[in-house]
Amino acid sequence: MRDTLTEKKVRLAPQTRRGKPTLTLYVCGVTPYDSGHMGHAFTFSMFDVLVRFAESGGVRVRYVQNITDIDDPLFERARRDGDDWRILAERETAVHMRDMTALGWRPPDVMPRVSEEIGRIKAAATKLHAAGYAYRTDALYFDVSRYRGYGRLSHRTRLSMLRKLREEGLLGTVGPDAKRDALDFPLWRSSAPDEPSWPSKFGPGRPGWHIECSAMAMRYLGDQIDVHGGGRDLKFSHHESERAQSESLTGKRPFARAWMHTGLVRYEGRKMSKSLGNLVKVSQALARAPAAAVRLYLVSHRYERDWDFDWAGLTRYARLIEKARAVLKQPDGQAAPALIKEFNAALADDLDTPRAVRALRLAIRRRDAAAVRWMLSILAGSASLV
Ligand code: ZN
């Protein structure tokens with residue numbers, strides 16, 4: 001696996017937990033306000049290939065994916081549309097679950113929601129404050145100057161971090177009643193009147209974004225995790241900050257043995273985004289092609305690269321699934337060992353799914369039903385072939 005932090009391939013050696021080789025995986029899940037587009041589906045399908053591949057090799061995977069139901073974009077959307085944030089979050093979480101079920105994922109073992117984890121999050125913030133990693137002004141802020149190596153994960157300079165914060169609308173203000181430094185970020189802050197609020201020793205309010213994931217990852221997977229994943233746009237500021245907090249909390253490095261980031265999906269030459277109005281929804285793709293074709297089309301791309309969604313590409317995979325279906329009508333024999341070996345070698349090499357898809361094409365051409373079935377069970381999961 002290629003680790004974002006060291007920019008090197010690291011070997012994912014599963015640790016023995018309760019007598020079984022186990023891999024722990026935390027993937028940042030959706031903020032439920034614009035779920036259900038191809039960008040999300042790409043990320044979560046890719047991690048599903050990782051989970052299924054590890055499990056096919058006898059490794060137990062403990063997989064946690066959160067739901068960020070306490071976050072600015074969700075509240076802003078709810079306010080704009082005159083919705084209750086809870087109803088919006090509930091509706092969009094249901095869309096996410098429906099899409100990923102259709103795309104045949106092996107569901108995460110735990111899907112914690114921030115709104116149900118407030119106690120743990122407060123405890124983490126309190127501990128950071130007590131240990132001198134956080135200070136209180138108009139909110140409780142993490143003091144980035146106390147953590148060596150902030151910026152190392154995303155390979156950004158201070159200037160480039162500040163630029164990204166501005167783009168994300170997270171720059172805030174620096175001053176005696178605010179942040180000491182522009183890179184500092186809130187662990188606990190006050191809530192607007194229409195936002196949820198919980199009592200705390202730092203005043204009533206709600207958590208900052210990054211501490212949520214630190215607290216949930218550590219609650220369900222321990223102080224150190226094997227793989228931490230998410231979309232590339234989360235590298236900074238989210239994961240950079242998560243790493244700083246978690247390592248400051250436990251004193252243990254690294255927080256994640258490997259950081260794995262997925263690329264962005266473009267449409268018509270531009271990043272898919274709600275604001276540009278160029279989102280392709282999973283439901284639109286499912287209306288045109290079998291779920292297994294959508295899934296195979298997604299995972300036919302390298303996980304870390306950006307790529308362009310296009311309908312002709314989806315059609316090609318619909319045809320491939322049709323051919324696979326014809327092969328699967330034949331009785332299963334013994335899968336050709338060379339085909340299986342090539343397929344496994346592809347995925348073991350930094351999850352090279354395009355190469356694994358080529359192995360699948362070859363198995364289809366050779367009409368090797370057993371090999372096709374095996375490869376599809378990992379690449380397409382339980383997505384329907386019809
Ligand atoms: Zn996260």
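**Close-up views of a predicted model**

**View A. Helices α1 and α9 cross with their axes within 9 Å and at roughly 85°.** In this predicted model, α1 covers residues 38–56 and α9 covers residues 291–299. The two helices are therefore roughly perpendicular to each other. From α1, the residues Ala41, Phe42, Ser45, Met46 and Val49 meet Arg295, Leu298 and Val299 of α9. Sorted by class, this contact holds 6 nonpolar, 1 polar and 1 charged residues.

**View B. Helix α9 is mostly covered, with 9 of its 9 residues buried.** The buried residues are Ala291, Ala292, Ala293, Val294, Arg295, Leu296, Tyr297, Leu298 and Val299. Among the elements that cover them are α1, α3 (85–102) and α8 (282–288). The cover also includes α10 (311–328), α12 (353–365) and α13 (369–379). Arg295, Leu298 and Val299, buried here, are also the α9 residues that meet α1 in View A.

**View C. Strands β10 and β11 run parallel and are joined by 6 bridges.** Strand β10 spans residues 225–231, and β11 spans residues 256–262. Valine 227 has alanine 258 in β11 as its bridge partner. Between the two strands the chain passes through helix α7 (residues 235–250), and this β-α-β crossover is right-handed. In β11, 7 of the 7 residues are buried, so the strand is largely enclosed by the rest of the structure.

**View D. Two cis peptide bonds are shown, one from phenylalanine 236 to serine 237 and one from arginine 253 to proline 254.** Most peptide bonds are trans. For the bond between phenylalanine 236 and serine 237, omega is about 10°. Serine 237 belongs to helix α7, the helix of the crossover in View C. For the bond between arginine 253 and proline 254, omega is near -5°. Proline 254 sits in the loop between α7 and β11.

**View E. Arginine 18 and arginine 367 each have a positive phi.** Most residues other than glycine have a negative phi. Arginine 18, with phi of about 50°, lies in the loop between β3 (15–17) and β4 (20–27). Arginine 18 has 6 other C-beta atoms within 10 Å and is exposed. Arginine 367 also has a phi of about 50°, and its place is the loop between α12 and α13. With 14 other C-beta atoms within 10 Å, arginine 367 is partly exposed. Helices α12 and α13, on either side of this loop, are among those that cover the buried residues of α9 in View B.

Note on methods: Residues are numbered from 1 along each chain as its sequence is written. This is a predicted model: local features need pLDDT of at least 70, side-chain atom pairs count only at pLDDT 80 or more; totals for chains, interfaces and linings use all residues. A residue is buried if 20 or more other C-beta atoms lie within 10 Å of its own, exposed if 12 or fewer, and partly exposed in between; C-beta atoms are placed from the backbone. Helices (H or I, at least four residues) and strands (E, at least two) are DSSP runs, numbered from the N terminus. Two strands pair if DSSP finds at least two bridges between them. A crossover is right-handed if, with the strands pointing away from the viewer, the path from the first strand over the helix to the second runs clockwise. Axes are lines fitted to C-alpha atoms, for helices over the stretch in contact, and angles run from 0 to 180 degrees between N-to-C directions. Angles under 35 degrees count as roughly parallel, over 145 as roughly antiparallel, 65 to 115 as roughly perpendicular and the rest as oblique. Two residues are in contact if their C-beta atoms, placed from the backbone, lie within 7 Å. Ala, Val, Leu, Ile, Met, Phe, Trp, Tyr, Cys and Pro count as nonpolar, Asp, Glu, Lys and Arg as charged, and the others, Gly among them, as polar.
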